Amino acid sequence: MRRGCRSSAAAPRAKSPRVSLDDLSIVSISGSLTRRLSANPYDVVQSLAERSGGEGYYLPVPYLAATIAEKDMFLSQPSVQELLARARRSDVFVVGIGSIGDDGHLRRMGLISSDEQQALQKVGAVGDLMGRFIDIDGAAVSTRLSEQAVGLGFEDVRGARVLALSGGISKTAATLSALRTGVVTDLVVDEVLAKSLAEAIDVKVP
């Protein structure tokens with residue numbers, strides 16, 4: 001059994017119970033480092049492996065490369081190719097949904113600069129899914145940043161079970177955009193976001 005995991009999908013790790021799943025492999029499907037190559041404190045592969053008794057694999061490359069040439073260099077490494085091939089064989093993919101706002105993970109961790117944030121907003125980006133930037137309708141926006149994502153893309157996981165995690169009212173637009181890509185099959189959100197999403201699509205909540 002394998003599960004692909006985007007490194008920023010960190011929320012469940014703190015409260016997850018310890019189990020024993022010797023046949024479980026947890027594989028990062030996206031780069032797990034910042035552009036400065038400092039360790040990402042939200043990386044969960046190792047933590048989940050410890051709690052599950054499984055084996056963890058993570059990509060020692062940035063989430064977003066500084067340039068397309070740098071991305072190509074990372075992807076040319078045999079070790080990276082091997083890990084991505086392993087990730088593609090996952091039974092379940094677990095991904096986080098990122099926002100473009102100031103309080104989002106992308107800005108707080110320095111994964112995108114203030115200038116890049118403004119450029120993304122200018123072309124209509126409201127969210128980030130697997131390093132790909134999308135508008136409110138779930139369509140890819142025109143930006144080189146998406147081409148600099150190091151990891152699996154939408155077509156690598158489309159048709160598989162893709163569990164997305166999101167939380168907080170500030171993630172409303174980003175979560176809607178992720179759902180509209182047609183990639184996400186399962187969604188886990190907190191109560192605040194659930195109510196906000198229901199209001200956004202005009203669904204009455206008891």
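Valine 157 counts as buried in this predicted model, because its relative accessibility is 1%, which is under the 20% limit for that class. Valine 157 sits in helix α7, a segment covering residues 154–157, and it is also one of the residues that touch the most other members of the largest nonpolar core. The protein chain around it has 206 residues, of which buried residues make up 49%, and it is built with nine helices and eight strands.

**Valine 157 and the largest nonpolar core**

- Once neighbours within four places in sequence are left aside, valine 157 is in contact with Phe93, Met130, Leu152, Val162 and Val183.
- One of these partners, phenylalanine 93, is 64 residues away from valine 157 in sequence, yet the two C-alpha atoms are 7.4 Å apart in space.
- The largest nonpolar core contains 27 residues, and those touching the most other members are Ile29, Val95, Leu129, Met130, Leu152 and Val157.
- At least two residues of this core come from each of β2, β3 (55–62), α3 (78–88), β4 (92–99), α7, β7 (161–165) and α8 (172–179), and among the contributors α3 gives the most, with four residues.
- Apart from this core lies another one of 13 residues, which includes Ile100, Leu111, Ile112 and Leu120.
- As a general background, nonpolar side chains in soluble globular proteins tend to be buried together.

**Methionine 130, a core residue in a loop**

- Methionine 130, which is named among the core residues touching the most other members, is placed in the loop between β5 and β6.
- Methionine 130 is classed as buried because its relative accessible area is 1%, and under 20% is what that class requires.
- The backbone of methionine 130 has a positive phi of about 60 degrees, although the residue is not a glycine.

**Helix α8 and its surroundings**

- Helix α8 is mostly covered, since six of its eight residues are buried, and these are Thr172, Ala174, Thr175, Leu176, Ser177 and Ala178.
- The buried residues of α8 pack against three kinds of neighbour along the chain, namely the strands β4, β5 (127–129) and β6 (132–134), the strand β8 (186–188), and the helix α9 (191–200).

**Glutamate 191 in helix α9**

- Glutamate 191 has its place in helix α9 and is exposed, because its relative accessible area is 55% and the class begins over 50%.
- The C-alpha atoms of glutamate 191 and glycine 167 are separated by 8.3 Å, while the two residues are 24 apart along the chain.

**Strands β2 and β3**

- Serine 28 belongs to strand β2, which runs over residues 25–33, and it is buried, with a relative accessible area of 1%.
- The side chain of serine 28 reaches the backbone oxygen of serine 30 at a distance of 2.6 Å.
- Proline 60 is found in strand β3 and counts as partly exposed because its relative accessibility is 46%, a value between the 20% and 50% limits.
- Leaving out neighbours within four places in sequence, proline 60 is in contact with Leu33 and Leu83.
- Proline 60 and phenylalanine 74 are 14 residues apart in sequence, and their C-alpha atoms are 9.3 Å apart in space.

**Leucine 145 in helix α6**

- Leucine 145 lies in helix α6, which spans residues 144–147, and at 7% relative accessibility it counts as buried.
- Leucine 145 and leucine 64 are 81 residues apart in sequence, whereas the distance between their C-alpha atoms is 7.3 Å.

**Aromatic rings and the chain as a whole**

- The structure holds zero aromatic pairs, but the ring of tyrosine 57 has arginine 86 lying over its face, at 4.2 Å from the ring centre.
- Among contacts in the protein chain between residues at least 6 apart in sequence, 68% join residues that are at least 24 apart.
- The protein chain exposes about 10,200 Å², and carbon and sulfur atoms supply 52% of that area.

Technical notes: Residues numbered from 1 in each chain as written. Predicted model: local features only at pLDDT ≥ 70, side-chain atom pairs only at ≥ 80, totals over all residues. Heavy atoms only, no water. Buried < 20%, exposed > 50% of the residue type's maximum accessible area, 1.4 Å probe, protein only. Polar contact = N/O pair within 3.5 Å; in protein donor to acceptor, adjacent residues only side chain to side chain. Phe/Tyr/Trp six-rings, centres within 6.5 Å; stacked < 30°, edge-to-face > 60°. Lys NZ or Arg CZ within 6 Å of the ring centre and 35° of its normal. Contact = heavy atoms within 4.5 Å. Core = buried A, V, L, I, M, F, W, Y, C linked by side-chain atoms within 4.5 Å. Areas by Shrake-Rupley, 256 points an atom, 1.4 Å probe, with all protein chains shown as cover.
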